[in-house]
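Visitor: Could you take me through one part of this structure up close? I'm new to this, so please explain the terms as you go.

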Protein chains: 2
Amino acid sequence: MTSKVLSRRDLDFLLFEWLQSESLTSRDRFRHHSRETFDAFLELSQQLAERHFATHNAKSDREEPQFDGERVTLIPEIAAALAAFNKSGLFSGAMDEELGGFQLPNVIHRACFAWFQAANVATASYPMLTMANANLLIAHGSPAQIRTFVGPMIEGRFFGTMCLSEPQAGSSLADVAMRAVPSSDGTFRLYGNKMWISGGDHELSDNIVHLVLARVAGTQRGVKGLSLFIVPKFLVDEDGSLGERNDVVLAGLNHKMGYRGTTNAVLNFGEGAHTPQGSSGAVGYLLGEQNHGLDYMFHMMNEARIGVGVGAVSLGYTGYLHAVDYARGRLQGRPVGAKDPAAPQVPIVQHADVRRMLLASKAYVEGGMALVLYSARLLDEQQTASTYDARSRAGLLLDVLTPIVKSWPSQWCLVANDHAIQIHGGYGYTREYPVEQFYRDNRLNAIHEGTHGIQAQDLLGRKVIMHGGAGLRLLVQAVCETVNKATGDLAALGEQLQQALTRIVRITESLWATGDPATALANAATYLDAVGHIVIAWMWLEQAIVAAGKEGDFYAGKRAAASYFFTHELPRIEPQLDLLASIDVSLLTMSEAWL
Amino acid sequence: MTSKVLSRRDLDFLLFEWLQSESLTSRDRFRHHSRETFDAFLELSQQLAERHFATHNAKSDREEPQFDGERVTLIPEIAAALAAFNKSGLFSGAMDEELGGFQLPNVIHRACFAWFQAANVATASYPMLTMANANLLIAHGSPAQIRTFVGPMIEGRFFGTMCLSEPQAGSSLADVAMRAVPSSDGTFRLYGNKMWISGGDHELSDNIVHLVLARVAGTQRGVKGLSLFIVPKFLVDEDGSLGERNDVVLAGLNHKMGYRGTTNAVLNFGEGAHTPQGSSGAVGYLLGEQNHGLDYMFHMMNEARIGVGVGAVSLGYTGYLHAVDYARGRLQGRPVGAKDPAAPQVPIVQHADVRRMLLASKAYVEGGMALVLYSARLLDEQQTASTYDARSRAGLLLDVLTPIVKSWPSQWCLVANDHAIQIHGGYGYTREYPVEQFYRDNRLNAIHEGTHGIQAQDLLGRKVIMHGGAGLRLLVQAVCETVNKATGDLAALGEQLQQALTRIVRITESLWATGDPATALANAATYLDAVGHIVIAWMWLEQAIVAAGKEGDFYAGKRAAASYFFTHELPRIEPQLDLLASIDVSLLTMSEAWL
């Protein structure tokens with residue numbers, strides 16, 4: 001039976017036929033790997049995801065986490081699934097062997113993890129956050145911190161969170177007010193509240209390691225005064241055993257439209273519910289240097305943003321597969337022009353409008369999957385390419401692409417989920433079918449880890465202009481390399497892409513030539529939308545090049561979806577580019593009293 | 001305090017400044033009315049909607065209808081709200097005085113009812129369906145049928161439904177299989193199942209009057225063999241008192257993503273749960289002539305489609321008002337370029353991206369409201385204009401616009417709900433705020449009463465070509481009249497609209513010049529989208545003309561939203577028109593194996 005979670009065939013195409021991931025095994029870090037070990041991890045992921053994650057996806061939506069004022073109760077299937085995940089070794093799949101990891105390439109590890117996100121995005125978010133937390137600690141923590149906290153994470157005993165937002169500081173991290181007071185023993189004591197903390201409390205693990213942005217008393221305002229602290233739910237003794245309860249306490253759970261299996265918490269720090277080591281405040285350990293907290297946090301945030309993008313793709317993808325399956329089986333109506341009402345009804349996949357929604361969805365989810373895996377492949381290049389130059393170029397391109405990886409799937413793979421509902425008709429609107437949950441779950445992705453608007457500011461206000469525009473130049477160069485490979489039937493697509501690219505470069509320049517950031521950024525979201533579609537068109541041209549001349553439905557489908565993207569989707573950006581080129585400031589000059 | 005349900009100021013603008021509804025009082029049917037009576041009904045509607053409908057909107061979502069196998073239980077607030085509605089006289093507000101109605105113009109009555117739909121679309125759907133049911137009976141029922149069933153509806157004792165879909169016949173009404181067997185007493189006995197029946201069972205009323213499409217045994221297949229039957233839940237005796245239980249039985253309730261306060265039912269007819277008058281089958285009374293059932297049903301369906309459009313607008317509108325209110329109050333971040341982190345945070349309404357979403361939402365919901373009220377005004381013209389010619393022209397234009405009235409708000413006012421979530425950030429994704437419910441509720445509107453795809457087929461496959469293209473010509477003429485009035489600053493908008501109109505006419509011709517309906521209709525949904533945006537641009541140009549030269553924020557807001565629609569929205573259709581003009585058949589020629 002074909003899986004409705006993800007398509008292994010497509011992953012194989014993307015990972016091996018396109019991204020040549022097997023070639024990574026020639027690099028030292030991956031020398032113990034082979035196509036066989038990659039396949040084994042992919043196969044294992046599919047099995048575990050289908051058996052342990054997909055099976056409670058509906059139930060964890062129906063029976064959301066409960067908080068009785070003392071404890072958080074989750075359905076038992078979540079703990080069982082996470083135990084199976086931890087046992088598999090996938091948690092440390094991409095980590096160093098010396099930490100007990102398998103040193104899988106990121107691109108393979110991301111593809112593996114996508115199975116879990118597609119099967120149950122809410123349950124998968126616990127390890128997703130914990131992995132990102134561990135990777136930050138590995139990158140910036142002291143050896144003792146890594147030993148104390150990362151080791152137990154790899155063993156599945158500790159989970160992790162990221163604590164940035166506060167009630168008065170959501171998108172505006174400059175306003176984080178959590179206070180950190182130095183203590184005579186070298187630790188800090190934290191006081192304040194954090195909000196929207198995914199996985200913020202539960203009893204799935206022995207301990208929860210919060211990474212908390214806070215401001216050391218007396219330091220400057222703004223983001224430059226933020227430091228990062230490790231604040232465990234339970235203190236950890238020298239020997240690694242759990243000690244006292246720390247003063248970080250769940251104030252309440254948020255009740256969400258979707259993504260319900262993930263607890264989302266308001267946490268109080270240092271309000272006196274506990275007095276660890278006999279005095280007030282939540283005990284926190286400074287990570288790295290004071291006032292560099294946001295830089296460190298970006299290590300986790302960038303990984304989480306890509307994780308959100310993969311989650312959005314995965315939700316769209318599973319919705320698409322459910323819709324294809326339904327459309328092949330559901331009989332309804334007859335072809336246009338069929339006059340005989342006695343003729344049998346046909347599967348709805350034969351109706352042009354249903355095909356439109358399916359082909360669009362295919363273009364969104366397979367295009368999105370290509371982008372997220374390409375980005376993971378860039379991370380491998382950044383970490384293991386043979387030259388410094390190649391490593392920094394990969395890192396820079398990944399930086400430029402990150403806001404698109406986060407945002408484009410959150411917007412367009414949600415449209416795939418919307419189409420999946422529509423294709424199911426009335427059934428799709430009921431909770432008896434899973435597609436409405438995918439839609440509700442996916443709606444979160446444009447909000448958390450930096451909203452769509454924040455990503456737009458990041459792309460236009462930072463990424464395309466940093467280092468004198470080097471990031472944008474690199475993107476252009478990468479796309480041009482693809483365009484140059486697009487010959488024969490594909491030359492026209494290449495030309496269309498080249499034109500869009502040339503225009504966006506000119507527009508970027510003219511926006512910043514205004515000299516006024518407010519003017520340049522007034523239509524940043526439109527800019528993000530346009531660049532996003534250009535990037536996905538690039539991903540489709542890449543796939544079409546690989547599929548060219550190959551026989552069989554799979555490759556024909558790739559060519560059809562690429563063609564669809566260039567005829568139905570890429571042209572959408574023309575009016576967006578016109579608007580950007582006009583340097584429209586009506587959003588700035590309008591009065592709020594007009595609303 | 002400004003209402004967050006709807007804007008009375010905007011309704012006054014649309015009804016009186018623009019649509020000149022007061023002038024209707026010079027017509028005989030409305031001679032007892034005046035601006036004062038119109039205002040009184042509008043005021044009453046707002047009060048009742050805010051006091052009795054909005055107040056249980058969240059609760060009726062949280063505590064959805066329960067069916068224990070015998071009875072359906074709803075929260076008591078629904079019955080209380082409907083009792084208040086019925087007592088108000090609004091149910092028969094637009095009906096004839098001889099039936100006990102108030103002979104309000106449809107345009108006023110629609111505006112009144114929009115308050116209820118915005119406050120609680122699910123509770124409002126009971127009277128919406130019952131009014132449409134009553135209007136069908138009044139138009140096509142016998143005097144006895146009207147007396148027996150419509151009278152008690154006006155008194156609030158009977159509610160009504162429309163029963164079209166069956167498990168194997170959703171969009172494909174040609175496949176309706178419900179059997180109707182003539183009985184010796186002149187009634188019929190019905191056997192079969194109906195599905196997706198809104199208000200299909202409950203104990204809100206003494207009786208439920210189902211209007212059921214069925215096929216008299218032995219008649220032809222297809223839609224031309226459908227007849228329409230009145231099938232009450234309880235038979236009604238000669239004297240109007242309730243008699244035996246009819247054999248129409250609730251099989252189960254659907255559990256929906258939203259719109260939860262409206263029961264949605266699978267109904268079994270004639271399966272022997274009851275044996276009315278001692279023999280098998282559900283007793284049904286033929287309405288009008290045999291085999292004309294679908295024609296009659298369209299009387300109700302067209303009204304329901306417009307009702308769906310108003311509901312979609314209303315949900316988007318209330319979402320927009322909540323978002324504006326939130327954006328004015330929520331402090332977060334600082335203007336672009338502000339360097340001082342000690343400066344106070346600003347309301348998010350000052351951020352360009354938030355303004356973009358708010359202004360877009362305003363353009364969607366006020367544009368949508370203009371369209372639905374314009375359509376209701378057309379119904380008044382169709383019913384009461386002084387010449388036959390004027391009446392038929394209004395009817396024809398309403399016919400052409402109906403698929404757009406149904407579809408455009410279902411698509412774009414849902415985007416307003418999406419923006420409302422985004423503007424609320426994480427809060428918008430929680431059930432503590434109402435905007436996520438509006439979004440879930442509104443998602444139904446592109447599905448029921450004919451899906452988006454069905455509306456697209458109706459517009460391109462029927463409405464624009466009927467009577468030799470008279471409908472499209474009439475639409476063009478109406479838009480051109482507006483364009484001709486657009487002078488001065490507005491001339492450029494008029495020209496932009498004129499160009500779009502000219503193009504769509506040429507494209508319509510070239511699509512049908514292919515001679516192949518399948519080819520013409522291959523991109524029907526894109527056609528619907530493009531025509532929809534043209535129609536809303538027309539509605540905005542109309543509003544801009546009325547607002548021109550007037551002082552104050554309200555009129556400035558109208559001009560800003562009109563301008564926004566022409567700069568940010570109308571240009572979206574260019575690539576759609578290009579696609580249509582290319583007569584792309586890729587959706588027809590593709591193989592389903594490529595998906």
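Guide: Sure, let's start with chain A, which has 19 helices and twelve strands; these are DSSP runs, helices being H or I with at least four residues and strands E with at least two, numbered from the N terminus. Keep in mind that this is a predicted model, where local features need pLDDT of at least 70, side-chain atom pairs count only at pLDDT 80 or more, and totals for chains, interfaces and linings use all residues. Residues are numbered from 1 along each chain as its sequence is written, while chains are lettered from A and ligands numbered from 1 in the order in which they are written.

Along its principal axes, the C-alpha trace of chain A spans about 80 × 60 × 55 Å. Of its 595 residues, 58% count as buried, meaning that 20 or more other C-beta atoms, placed from the backbone, lie within 10 Å of a residue's own (12 or fewer is exposed, in between is partly exposed).

Now for the part where chain A touches chain B. Chain A puts 78 residues into the contact, and chain B puts in 78 residues; two residues are in contact if their C-beta atoms, placed from the backbone, lie within 7 Å. On chain A's side, helix 17 (residues 553-569) gives the most, with eight residues. Sorted by class, that side of chain A has 36 nonpolar, 24 polar and 18 charged residues. Here Ala, Val, Leu, Ile, Met, Phe, Trp, Tyr, Cys and Pro count as nonpolar, Asp, Glu, Lys and Arg as charged, and the others, Gly among them, as polar.

Over in chain B, B:Gly395 sits in helix 10 (residues 388-424). B:Gly395 is partly exposed, because 15 other C-beta atoms are within 10 Å.
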